[in-house]
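Let's take a friendly walk through this assembly, beginning at the nucleic acid and ending at a protein–protein contact. Keep the viewer open as you read.

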4 protein chains.
Amino acid sequence: MTQDLFNSLIAAQKTKTEKQKKIIEIAIKLFADKGFANTSTAEIAKLAKVSEGTIFKHYGTKDKLLLSIILPFVKDSLPTMATEVFSEVLTEDTKTFEQFLTGFLKNRIEFFDRNKEIFRVFVKEIIYKDELKKEIAPHFIKNISLQISRVVEEFKLRGELKDKPTDQVLIYLMTVCGSFFVSRFVLFENYSISDEEVENFVHFVMDGIRNPLSEVSS
Amino acid sequence: MTQDLFNSLIAAQKTKTEKQKKIIEIAIKLFADKGFANTSTAEIAKLAKVSEGTIFKHYGTKDKLLLSIILPFVKDSLPTMATEVFSEVLTEDTKTFEQFLTGFLKNRIEFFDRNKEIFRVFVKEIIYKDELKKEIAPHFIKNISLQISRVVEEFKLRGELKDKPTDQVLIYLMTVCGSFFVSRFVLFENYSISDEEVENFVHFVMDGIRNPLSEVSS
Amino acid sequence: MTQDLFNSLIAAQKTKTEKQKKIIEIAIKLFADKGFANTSTAEIAKLAKVSEGTIFKHYGTKDKLLLSIILPFVKDSLPTMATEVFSEVLTEDTKTFEQFLTGFLKNRIEFFDRNKEIFRVFVKEIIYKDELKKEIAPHFIKNISLQISRVVEEFKLRGELKDKPTDQVLIYLMTVCGSFFVSRFVLFENYSISDEEVENFVHFVMDGIRNPLSEVSS
Amino acid sequence: MTQDLFNSLIAAQKTKTEKQKKIIEIAIKLFADKGFANTSTAEIAKLAKVSEGTIFKHYGTKDKLLLSIILPFVKDSLPTMATEVFSEVLTEDTKTFEQFLTGFLKNRIEFFDRNKEIFRVFVKEIIYKDELKKEIAPHFIKNISLQISRVVEEFKLRGELKDKPTDQVLIYLMTVCGSFFVSRFVLFENYSISDEEVENFVHFVMDGIRNPLSEVSS
DNA sequence: AATGAATGAGGGTTCATTCAT
DNA sequence: AATGAATGAACCCTCATTCAT
């Protein structure tokens, strides 16, 4: 079982005070809810029942506070997670790419569901902070896409997937899955995803929307 | 030819002064670039070569300035556009859904390309402003999805599309296309989309990534 | 007559508001009294009966406020003054260096007396701000010492002054006069200097403290 | 040989811990460099490798920390020093006031050189702290001037010095020597004073800048 | 219609100081 | 004796907004 990212984050800085934990907890909540720029340190302090000074004692800057939320999420945990994901999802029992994709999505849904708020913070801020967009996002994408591309190639060999350039397949998968997560977790905030929905989604990704009996099929 | 949205916006409030136009122009640029919360009215005033007073004389509030950018984009222009789009894209010559989808994407790409910055403002702010998310987005979505669903049903009847619930197909299409636009126009800012890329994309949407010769095909 | 430096400073930035004048006036007073670091912008605002925002609207930064007090004092006014001083003090009637020195000191005393507080600010801050010490002080010193050295050389030629290297004489004069001003205006704040004191001082500078009849005289 | 003031200061409070010594050492350095108001206790603590608590445990207040640096310098050490100075400098070999003054300056130069930083702190803070200016400076001045005035009077009797009021001579000497030390040790920080410079300086103090052969001599 | 000086609430941040351990 | 987490007042500064001109 993948360990809880949230806890790993909380534990990142050794011997974190109760107050520090509370600050991070509240900050995540507020950043996720109202966005970084619209959240004041005063508000965080108040809700965390901490003086404003304490926040700055520990995190130095509002920006660093944000980073100390996002960085562990991306740098430490995600890669680790990624490996685990594939070892969990890609077992001998995984006979088809369809199985893999379904497993992958369900695994990530469960993961993002558990870390829903940090994910929201991450998505919302990546739009604004160039340092995030230009340094961290690629790091993040490369790591994931590398893993997936191996799976794609494996199943291309096995003949289940079309013999299209792996790049193209990958971009399509990333676009489609990324959007799946973002729309479900960030846009429609309190939306819970059913197994059925996942399966429908996977079906479309695998076979498209065209009627295979249609003579116009390419 | 679809009229330029930007101009329609500019013209919305009749007899707009040169100063007003300049304010809107600069505001769009800055909001798109740095986000609403990170842009100060002082900066807008300075770049628009206008006094701060003038901005507030015309728009009353920074929030109202934002709305006076986004609302025309959504309320006035998009629906009009929508109709035009379909009348342009869905002619007698449109023999297949694939043709339609390709035409639709190309048309929208050209449109968003022309209104790239307002689109960026819109996407960035819809995440934060509940009034946008809860009132305008649905308005927007309903309008578009209504039109598309008619097309989908038409081509289901003609047998080109699978006989899946229209809702499901629609959600898939919206997710996939939305993501296509957002990732290309908002995330990767200076990205230009080739015809080839569109065609590859359409291909995957239509037929998925599975090798049709694979015996596991459902 | 030398124009009032204070007024020239006040007039430096054309069309200064009443509030701006008041800010500068109060800031000079407080900086002179308690020092720059110990004066808060809030206090300046309060005493100047102005909102804190106004201060920053006009001067941008507390540091720039300080500079906008000191720079005009040093850069614009002092050089001008310097020329005037010498043209006033060094007339055909100036028969001796002693006369010159007495005139110079009295002129400067009157000047510093009128600009006592800015002088205090200047002296107090030059100790801390490296930019002042390294850029402005030399500018200041060079300007003055150049003028004085010419006078010294003139009177060396006339035989009134010893045939010592001009540098040495200059350094002594600057040290001694600088100290005279600083001790009287900065250290003992409300001290007024009598003509008699000036004359005694000049006497010592000219002839030293040794009894000329003493046979040990070098 | 005069004992090192620094050590005497360090030893003042008996059984000073290593940490206490380190605190004082760093505080002197920082106060001398950046001034009292611009130095934070946090910085002292960090550089002294001590917790902030420790500083306040020992010194109660940042102000008291300053005093515990300056007071020993003025109250304990200077008077002692003073006596020593005079007993060292004013021996039977001291035939002339010129000799005495040269000896005195060299002795003080050596002393201030060794305690350069405390001297800097003292000079910088005496400008701001009224308690220093009004209580300690006079104490300091009285002590020194008392001693010097005795020497001056002695040499007036011996006929080497002019028969001017001792007060006047004293003020001149204090002004001139004070300035000599302050300009060399506080203003030009890393300046080392040559014997030659001292002798030139003494020469001017003794005999002034006027050419004795000049008929205008008073 | 347009200006720009002025505002004051609030923002992020610093800092001397306290106190439980 | 020493720590360092915590405090909260004060600090410098920003900003949307107002208003007299």
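In this predicted model, a polar side-chain atom of His58(C) sits 2.7 Å from a phosphate oxygen of DNA strand E. Backbone atoms reach the phosphates too: a polar backbone atom of Thr41(D) is 2.6 Å from a phosphate oxygen of that strand, and for Lys62(D) a backbone N or O atom lies 2.7 Å from one. Here are these contacts side by side.

| Residue | Protein atom | Distance to a phosphate oxygen of DNA strand E |
|---|---|---|
| His58(C) | polar side-chain atom | 2.7 Å |
| Thr41(D) | polar backbone atom | 2.6 Å |
| Lys62(D) | backbone N or O atom | 2.7 Å |

Which elements give two or more residues to the surface near DNA strand E? They are α4 (52–59) of chain A, α4 (52–59) of chain B and α4 (52–59) of chain C, while chain D gives both α3 (41–47) and α4 (52–59).

In total, 34 residues surround DNA strand E, and those that come nearest are Lys62(A), Thr54(B), Thr17(C), Thr41(D) and Phe56(D). Of the strand's atoms that come within 4 Å of the protein, 62% belong to sugar and phosphate. Sorted by class, the surface near the strand holds 20 polar, nine charged and five nonpolar residues.

The UniProt record, an unreviewed entry, puts a "DNA-binding region" at residues 40–59 of chain A. In the model that span is 75% helix and 0% strand, and its end C-alpha atoms are 14 Å apart.

Now for the contact between two of the protein chains. Chain A brings 47 residues to it, and chain B brings 47 residues. About 4,400 Å² is buried between chain A and chain B, with 57% of that on carbon and sulfur atoms.

How many salt bridges cross the interface of chain A and chain B? There are six. Glu98(A) and Arg210(B) form a salt bridge, with their closest N and O atoms 2.9 Å apart. Polar contacts across the interface of chain A and chain B link 29 residue pairs, counting pairs with both residues at pLDDT 80 or more.

On the side of chain A that touches chain B, α6 (97–114), α7 (116–126), α9 (166–187) and α10 (195–207) each supply at least two residues. The most comes from α9(A), which gives 13 residues. By class, this side of chain A has 20 nonpolar, 15 polar and 12 charged residues.

Methods: Residues numbered from 1 in each chain as written. Chains lettered and ligands numbered in written order. Predicted model: local features only at pLDDT ≥ 70, side-chain atom pairs only at ≥ 80, totals over all residues. Heavy atoms only, no water. UniProt positions renumbered as here; feature names shortened; annotations may be inferred. Helix = DSSP H or I, 4+ residues; strand = E, 2+ residues; numbered from the N terminus. Near = heavy atom within 4 Å. Polar contact = N/O pair within 3.5 Å; in protein donor to acceptor, adjacent residues only side chain to side chain. Nonpolar A, V, L, I, M, F, W, Y, C, P; charged D, E, K, R; others polar. Contact = heavy atoms within 4.5 Å. Buried area = accessible area lost by both parts, 1.4 Å probe. Salt bridge = Lys/Arg side-chain N within 4 Å of Asp/Glu carboxyl O.
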